[in-house]
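Student: Could you take me through one part of this model in detail, paying attention to how its charged side chains are placed?

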Amino acid sequence: MAREQVTEIVAEMVANVLTLAVEPGDRVTAGDTVVLLESMKMEIPVLVEAPGTVRAIKVAPGDVVQEGDVLVEIVAD
């Protein structure tokens, strides 16, 4: 049985989590927004780079994230 290939989507800057665009179990494709962050009054969409299924969401709206914090885990198809 093959091992799951999990990709961690991480924050690229210090920001506030505005909204979540996905839930665990959702299928995503490259370019889909998974989280919307806010930093310095700018909204920054966090995008998926490859298709897969959302395994876990590690943040909630209102959270403050630091650069490198895991936001979402995606299992590759």
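**Salt bridges around one strand**

Tutor: In this predicted model, D77 counts as exposed, with a relative accessibility of 60%. D77 lies in the segment after β8 and R27 in strand β3 (residues 27–28), so their pairing ties together parts that are 50 residues apart in sequence. The two side chains meet in a salt bridge with an N to O distance of 2.5 Å, and R27 likewise counts as exposed, at 57% relative accessibility.

Strand β8 itself (residues 70–76) is mostly covered, since 5 of its 7 residues are buried. β8 pairs in the antiparallel sense with strand β1 (residues 6–10) over 5 bridges, where V72 is the bridge partner of I9. β8 also pairs in the antiparallel sense with strand β6 (residues 52–57) over 5 bridges, and there I74 stands opposite V54.

Within β8, E73 is buried, with a relative accessible area of 9%, and forms a salt bridge with K58, the closest N and O atoms being 3.8 Å apart. Because K58 lies in the loop between β6 and β7 (64–65), this pair ties together parts that are 15 residues apart in sequence; K58 is partly exposed, with a relative accessible area of 46%. Salt bridges that share partners join E73 and K58 with E4 and R55 into one network.

In that network, R55 forms a salt bridge with E4, their closest N and O atoms being 3.1 Å apart. R55 lies in strand β6 and E4 in the segment before β1, so this pair ties together parts that are 51 residues apart in sequence.

Key:
Residues are numbered from 1 along each chain as its sequence is written. This is a predicted model: local features need pLDDT of at least 70, side-chain atom pairs count only at pLDDT 80 or more; totals for chains, interfaces and linings use all residues. Side-chain values use heavy atoms; hydrogens and water are left out. Buried means under 20% relative accessible area, exposed over 50%, partly exposed in between (1.4 Å probe, protein chains only). Helices (H or I, at least four residues) and strands (E, at least two) are DSSP runs, numbered from the N terminus. Two strands pair if DSSP finds at least two bridges between them. A salt bridge is a side-chain nitrogen of Lys or Arg within 4 Å of a carboxyl oxygen of Asp or Glu.
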